[in-house]
Amino acid sequence: MAGIFIDVEVSEEVRGDGDLAQKLEELCPVDIFANADGRTEVVESNLDECILCEMCIKAAPPGGVRVVKLYDDGAALER
Ligand code: SF4
């Protein structure tokens, strides 16, 4: 099930980066990212657990990961 409060968007560039897939899987404290054979997958059932720590945004290149606050008219955390 997708998130009600949070969505996380991952660029195609980031999805295909195996090193980043592993890093994202390890750093997210609530397991929103999974490394699926070197590709980043978003674990939709965990989306609403996001604590807005921004670690995923900082780990990815600019524009690579956006955290969208669906409860706030889609305001996004990004860089
Ligand atoms: S902001 Fe933090 S909790 Fe939310 S998806 Fe990124 S790393 Fe996970």
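**Entry 1. Lysine 69**

I began with lysine 69 and listed what it touches. Leaving out residues up to four places away in sequence, lysine 69 touches Phe5, Ile6, Leu52, Gly74, Ala75 and Leu77. The model I am reading is a predicted one. I then looked up where the residue sits: lysine 69 lies in strand S4, which covers residues 65-69.

Is lysine 69 buried or exposed? I found that lysine 69 is buried. I searched for a salt bridge and found that lysine 69 has none. The nearest side chain of opposite charge belongs to aspartate 72, and it is 4.3 Å away. A salt bridge needs the nitrogen and the carboxyl oxygen within 4 Å, so I did not enter this pair as one.

**Entry 2. The whole chain**

I stepped back to count the elements. The protein chain has three helices and five strands. In sequence order I wrote the pattern down as β-α-α-β-β-α-β-β. The radius of gyration is 11 Å, close to the 12 Å that the globule rule gives for 79 residues, so the chain is as compact as a globular protein of that length.

I noted the extent of the C-alpha trace as well: about 30 × 25 × 20 Å along the principal axes. Of the 79 residues, 33% are buried. The accessible surface of the protein chain is about 4,500 Å², and carbon and sulfur atoms hold 47% of it.

I also looked up how far apart in sequence the contacting residues are. Among contacts with a separation of 6 or more, 50% are between residues 24 or more positions apart.

**Entry 3. Strands S2 and S3**

Next I looked at the hairpin. Strand S2 (residues 33-36) and strand S3 run antiparallel, and four bridges join them. One position I checked was alanine 34, which stands opposite glutamate 41 in S3.

Which side chains of S3 are buried? I went along residues 39-42 and found that the side chains alternate. Thr40 and Val42 point to one face and are buried. Arg39 and Glu41 point to the other face and are not buried.

**Entry 4. Two positive phi angles**

I checked the backbone angles next. Most residues other than glycine have a negative phi. I noted two residues against that background.

The hairpin of S2 and S3 has two residues between the strands. Aspartate 37 is found in this loop. Aspartate 37 has a positive phi of about 55° although it is not a glycine. I looked up its accessibility too: at 82%, aspartate 37 counts as exposed.

The other residue is glutamate 54, with a positive phi of about 70°, and it is not a glycine either. Glutamate 54 sits in the loop between S3 and helix H3 (55-59). Its relative accessible area is 29%, so I wrote glutamate 54 down as partly exposed.

**Entry 5. Salt bridges**

How many salt bridges does the structure hold? I found three.

I started with glutamate 9 and arginine 66, whose closest N and O atoms are 2.7 Å apart. This pair links distant parts of the chain: glutamate 9 is in strand S1 (residues 6-10), arginine 66 is in strand S4, and they are 57 residues apart. Glutamate 9 is partly exposed at 36% relative accessibility. Arginine 66 is also partly exposed, at 25%.

I then found arginine 66 in another salt bridge, with glutamate 78, at 2.8 Å from N to O. Glutamate 78 is in the segment after strand S5 (75-77), while arginine 66 is in S4, twelve residues apart. I looked up glutamate 78 and found it partly exposed, with 43% relative accessibility. I therefore entered Glu9, Arg66 and Glu78 as linked in a network of salt bridges.

Glutamate 12 and arginine 39 form a salt bridge too, with their closest N and O atoms 3.0 Å apart. Glutamate 12 lies in helix H1 (residues 12-15) and arginine 39 in strand S3, so the pair ties together parts that are 27 residues apart in sequence. Glutamate 12 is exposed, with a relative accessible area of 54%. Arginine 39 is partly exposed, at 37%.

Methods. Residues numbered from 1 in each chain as written. Predicted model: local features only at pLDDT ≥ 70, side-chain atom pairs only at ≥ 80, totals over all residues. Heavy atoms only, no water. Buried < 20%, exposed > 50% of the residue type's maximum accessible area, 1.4 Å probe, protein only. Lys, Arg positive; Asp, Glu negative; His and termini not counted. Contact = heavy atoms within 4.5 Å. Pairing = 2+ DSSP bridges. Rg over C-alpha atoms; globule rule 2.2 N^0.38 Å. Areas by Shrake-Rupley, 256 points an atom, 1.4 Å probe, with all protein chains shown as cover.
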